[in-house]
Amino acid sequence: QVQLVESGGGLVQAGGSLRLSCAASGRTFSLCALGWFRQAPGKEREFVAAISRSGLNVLYADSVNGRFTISRDNAKNTQYLQMNSLKPEDTAVYYCAAVVRPVSGNALYSSGLHYDYWGQGTQVTVSS
């Protein structure tokens, strides 16, 4: 079993930066493919970024590509989401998630249906 806890959210002005962290418990973290999703008020949850088990492959939603960077540190059982050039439309609750048995070391998952474990979420608010 994997437990995920996000941190690093907060209030920031447009154009600013935040780094979200997602700390995981359990011994299987290094075997997981990982991802970040977000949900704004009144909207459906949407994919933000994913990173493969190997860490060599990443995938981003078009809306954040070039501004956000996903990474992982298996030694610390932690994944990160560096968010730069933030916009008011980035305001949402951000969730980290894990796929326990990815089909390969380079597999990436953009659908929430593939994810086995989720964090509780952290609020990110970007003011204009």
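Student: Let me start with two charged residues. Are Arg67 and Asp90 buried or exposed?

Tutor: This is a predicted model, and the values below are computed from it. Buried is the word for a residue with under 20% relative accessible area. Both Arg67 and Asp90 fall in that class. Asp90 has a relative accessible area of 1%, so it counts as buried.

Student: What do Arg67 and Asp90 form, and how far apart are the closest N and O atoms?

Tutor: The two residues form a salt bridge, with 2.7 Å between the closest N and O atoms. Arg67 sits in the loop between strand E6 (58-60) and E7, while Asp90 sits in the loop between E8 and E9, so the pair ties together parts 23 residues apart in sequence.

Student: Which residues are joined with Arg67 and Asp90 into one network by salt bridges that share partners?

Tutor: Arg38 and Glu46 belong to that network along with Arg67 and Asp90. The structure holds three salt bridges. One of them joins the side chains of Asp90 and Arg38, at 2.9 Å from N to O. Here Asp90 is in the loop between E8 and strand E9 (92-99) and Arg38 is in strand E4 (residues 33-39), so this pair ties together parts 52 residues apart in sequence. The side chains of Arg38 and Glu46 also meet in a salt bridge, at 2.5 Å from N to O.

Student: How do I read the accessibility of Arg38 and of Glu46?

Tutor: Compare each value with the cut-offs: under 20% is buried, over 50% is exposed, and partly exposed is in between. Arg38 has 5% relative accessibility and therefore counts as buried. Glu46 has 35%, so it counts as partly exposed.

Student: Where is Glu44, and in which loop?

Tutor: Glu44 belongs to the loop between E4 and strand E5 (46-51). Its relative accessible area is 71%, so Glu44 is exposed. Leaving aside residues up to four places away in sequence, Glu44 touches Arg38 and Gln39.

Student: Now the strands. What holds a sheet together?

Tutor: Strands of a sheet pair through backbone hydrogen bonds, and the pairing is either parallel or antiparallel. In this structure, an open sheet of four strands has the order E1-E3-E8-E7, and its pairing is antiparallel. Strand E1 (3-7) and E7 are the edge strands, each pairing on one side only. From one strand to the next, the twist averages 15 degrees.

Student: How many bridges link strand E3 to E8, and how many link strand E7 to E8?

Tutor: Strand E3 (residues 18-25) pairs with E8 in the antiparallel sense over six bridges. In that pairing, Ser21 stands opposite Tyr80 in E8. Strand E7 (residues 68-73) is also joined to E8 by six bridges, and these two strands run antiparallel. Two pairs locate this second register: Asp73 stands opposite Thr78 in E8, and Phe68 has Met83 in E8 as its bridge partner.

Student: What lies between E7 and E8?

Tutor: E7 and E8 form a hairpin with four residues between them. In the turn, Asn77 has a positive phi of about 50 degrees.

Student: How should I think about side chains along a strand, and how many residues of strand E8 are buried?

Tutor: In a regular strand, side chains alternate between the two faces of the sheet. As for strand E8 (residues 78-83), five of its six residues are buried, so it is largely enclosed by the rest of the structure.

Student: How many helices and strands are there in the protein?

Tutor: There are zero helices and 11 strands. The radius of gyration is 14 Å, close to the 14 Å that the globule rule gives for 128 residues, so the protein is as compact as a globular protein of that length. Along the principal axes, the C-alpha atoms fill a box of roughly 40 × 25 × 25 Å.

Student: What else describes the protein as a whole, in terms of burial, contacts and exposed area?

Tutor: Of its 128 residues, 45% count as buried. Among contacts with a separation of 6 or more, 61% come from residues 24 or more positions apart. The protein exposes about 6,500 Å², of which carbon and sulfur atoms supply 47%.

Note on methods: Residues are numbered from 1 along each chain as its sequence is written. This is a predicted model: local features need pLDDT of at least 70, side-chain atom pairs count only at pLDDT 80 or more; totals for chains, interfaces and linings use all residues. Side-chain values use heavy atoms; hydrogens and water are left out. Buried means under 20% relative accessible area, exposed over 50%, partly exposed in between (1.4 Å probe, protein chains only). Two strands pair if DSSP finds at least two bridges between them. A salt bridge is a side-chain nitrogen of Lys or Arg within 4 Å of a carboxyl oxygen of Asp or Glu. Contact means heavy atoms within 4.5 Å. Axes are lines fitted to C-alpha atoms, for helices over the stretch in contact, and angles run from 0 to 180 degrees between N-to-C directions. The radius of gyration is taken over C-alpha atoms; the globule rule is 2.2 Å times the number of residues to the power 0.38. Accessible areas come from the Shrake-Rupley method with a 1.4 Å probe; for residues, only the protein chains shown count as cover.
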